Amino acid sequence: MNEKGQKTVQHQHGDFPAETAGLPRAVPSSVIELADGDTTELRIGPVVKRIGDTDVRMLAYNGSIPGPTFKVPEGATVTVHVANEGDLEATVHWHGLRLENRYDGTHDTQSPIPVGETFTYQVHVPDPGAYWYHPHIREDYGQEMGLYGNIHVVPAEPDYWPPVNRELFLTLDDILIEDGKIAGFSASETTHVAMGRFGNVMLVSGEPALELTAKRGEVVRFYFTNTANTRVFNVTLPGTRMKLVGGDSGHYEHESFVEEVLLSPSERFVVDILFEHPGEHMLEHRTPSRSYRLASITVEDEPAEPALAEAFAVPRTNDDMTAERERTARLLDAAPDKTLAFVAEMEFEVPEGAVYTCPMHPDVVSKEPGRCPQCGMKLLPMESPPTSYICPMHPHVTSDSPDRCPECGMKLVPAHLVDTSEHTGHDVHTSHEEHHDLGSHAAHESADPAAHSHEHAQGIEWEDDMVEVNRRTTAENMRWKLVDRDTGAANAAIDWKFRVGDQVKIRLVNEMDSDHPMPHPFHVHGAGRFLVLARDGVEEPNLVWKDTVLVRTGETVDILLDVTNPGRWMAHCHIAEHHESGMMFGFDVEP
């Protein structure tokens with residue numbers, strides 16, 4: 001135990017294993033239906049999984065990636081016996097569930113499960129919707145390796161959701177493949193701490209090229225869960241009609257027709273989709289500068305039964321959520337009870353005669369420390385540049401002076417800032433062939449130069465725009481902080497105390513005065529659930545209960561936490577590398 005009463009976590013040194021010899025092959029994911037009082041097993045262990053043309057070593061729950069979906073009725077409590085046969089000590093966190101504190105699955109609530117040992121969880125599911133489970137020790141490693149699965153809580157009310165022909169759970173993930181293996185991890189420290197680890201292969205329900213079918217006129221409910229370490233997904237399905245009906249913890253105030261749905265890491269969205277026309281449809285992740293195909297859906301000409309298009313066309317309003325709007329209206333203009341700022345501090349060794357540059361905008365170079373005028377990031381020290389210059393977009397264009405590229409007009413930058421080698425990592429310019437070889441779908445880039453601008457990115461880091469700098473950032477040179485603006489306390493030093501029944505207005509401020517401004521998905525564990533009241537002072541138009549909210553670069557978000565469960569709980573950024581580097585704190589709830 002440490003001085004704050006937390007269980008200490010011991011990490012092994014060296015690197016994690018990557019060999020596949022002798023390991024069992026991953027099996028298809030299953031659905032395990034459980035009634036109140038039932039018992040089930042969950043085993044953590046290594047498997048071999050085929051990603052495109054490559055066999056890689058991954059970790060799985062019950063041998064599948066994702067792990068089994070537990071289908072449980074609202075209000076039930078089930079017993080889950082967990083056996084750890086993985087690579088390191090473990091816990092299982094039941095994300096979004098307001099369960100008993102001692103089963104939350106963090107180092108604050110239990111001793112880690114050693115390799116070869118077991119632990120039994122009592123999992124209570126009080127709220128309908130889509131939830132998930134994952135590690136809470138070395139989350140950056142475990143999630144990337146495949147440790148995630150869904151929990152489907154079936155509503156007690158038969159008409160809680162609108163009618164559909166069937167339901168489908170899909171996890172959205174990415175994975176970084178290098179030299180035919182998952183890119184290595186250090187067992188002693190977390191890397192990629194600046195931006196989180198972006199992958200170069202997209203996985204939908206564990207598959208790089210998922211193929212689905214539907215019938216003409218069929219209405220399918222998709223439960224999307226973002227299980228990626230850091231990537232934000234913007235999901236769209238051209239040629240269909242999409243209706244947003246639910247979020248993290250239940251249904252929306254108003255069902256609404258949408259063109260796309262934005263999911264930050266750990267968020268869930270429930271979307272009903274009507275397939276009106278037969279043919280091929282592509283589920284896509286669409287950003288301002290490119291589009292990734294995630295899955296193909298073949299719609300057969302056979303009509304779906306029963307026909308639900310007429311009911312689908314009428315979006316509903318849910319009285320329980322309109323009542324929440326009336327209840328919380330008085331708090332919109334109230335001062336926050338707590339103000340939490342998101343701040344980064346970067347420190348790199350300064351070489352003699354250094355110049356300073358922005359890793360995300362290498363054309364920004366200064367002789368003095370400062371901030372990038374384009375994105376606000378702290379300029380990092382680099383060795384004094386050579387006298388040759390190059391175009392980042394057209395590396396064959398070089399010059400002895402900082403002219404402009406004759407092909408695209410871009411200002412030439414110092415050559416040492418541009419990696420002209422083959423892009424085999426997660427660089428944003430990965431070629432179609434590389435994606436195809438790995439089994440992923442191609443990333444189609446926008447021809448609009450404005451699509452690459454910071455402003456056009458909508459306050460979101462869609463890709464890793466500073467690959468080499470990000471790769472070498474750790475908790476030693478990159479410190480992410482959650483700062484209580486009332487006390488100045490940061491991360492583990494924050495000491496909030498609440499009581500069951502409290503309604504706590506928390507203002508989340510993603511500060512631009514930070515060494516690396518970027519978006520953060522903020523997650524609160526099972527002490528309660530919250531409503532987003534406002535963004536940048538503008539009232540949220542459609543309420544839904546949540547446990548995670550994306551706070552974009554420079555944005556201020558007001559949330560109202562409904563405190564319902566006693567115990568010691570956590571709150572943190574859900575970018576796995578930020579969480580592992582210390583961007584988290586615990587708080588206490590008295591009965």
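These legends walk you through several views of a predicted model.

**View 1. The whole chain, with its helices and strands.**
Welcome to the chain, in which you can find six helices and 40 strands. It has 591 residues, and 59% of them count as buried. Take the contacts between residues at least 6 apart in sequence: 76% of these join residues at least 24 apart. The accessible surface comes to about 22,900 Å², and carbon and sulfur atoms account for 49% of that surface.

**View 2. Helix α3 and its buried face.**
Here we meet helix α3, which spans residues 319-328. Look for M321, E324, R325 and T328, which are buried. Seen down the axis of α3, the buried residues fall within an arc of 100°, so they line one face of the helix. An α-helix has 3.6 residues a turn, so residues three or four places apart point the same way. Turn to the other side of α3 and you will find D319 and E326, both exposed.

**View 3. What lies over the buried residues of α3.**
Several strands help to cover the buried residues of this helix. Among them are β18 (250-258) and β35 (528-535). The cover also includes β36 (538-539) and β38 (556-563).

**View 4. Strand β35 and its partners.**
Let us stay with β35, a mostly covered strand in which seven of the eight residues are buried. Strand β35 runs antiparallel to β38, and seven bridges join the two. Strand β35 also runs antiparallel to β36, here with two bridges. A good residue to look for is A534: D558 stands opposite it in β38, while E539 is its bridge partner in β36.

**View 5. The hairpin of β35 and β36.**
Between the two strands of this hairpin there are two residues. Keep an eye on D536, which takes a positive phi near 50°.

**View 6. E267, a buried residue in a loop.**
The loop between β19 (261-263) and β20 (268-275) is the place of E267. Is E267 buried or exposed? Its relative accessibility is 5%, and residues under 20% count as buried, so E267 is buried. The side chain of E267 makes a polar contact with the side chain of K546, at 2.9 Å. Leaving aside neighbours within four places in sequence, the residues in contact with E267 include F224, T225, N226, D248 and L262. Also in contact with E267 are K546, T548, V549 and L550.

Key. Residues numbered from 1 in each chain as written. Predicted model: local features only at pLDDT ≥ 70, side-chain atom pairs only at ≥ 80, totals over all residues. Heavy atoms only, no water. Helix = DSSP H or I, 4+ residues; strand = E, 2+ residues; numbered from the N terminus. Buried < 20%, exposed > 50% of the residue type's maximum accessible area, 1.4 Å probe, protein only. Contact = heavy atoms within 4.5 Å. Areas by Shrake-Rupley, 256 points an atom, 1.4 Å probe, with all protein chains shown as cover. Arc of directions from axis to C-beta. Polar contact = N/O pair within 3.5 Å; in protein donor to acceptor, adjacent residues only side chain to side chain. Pairing = 2+ DSSP bridges.
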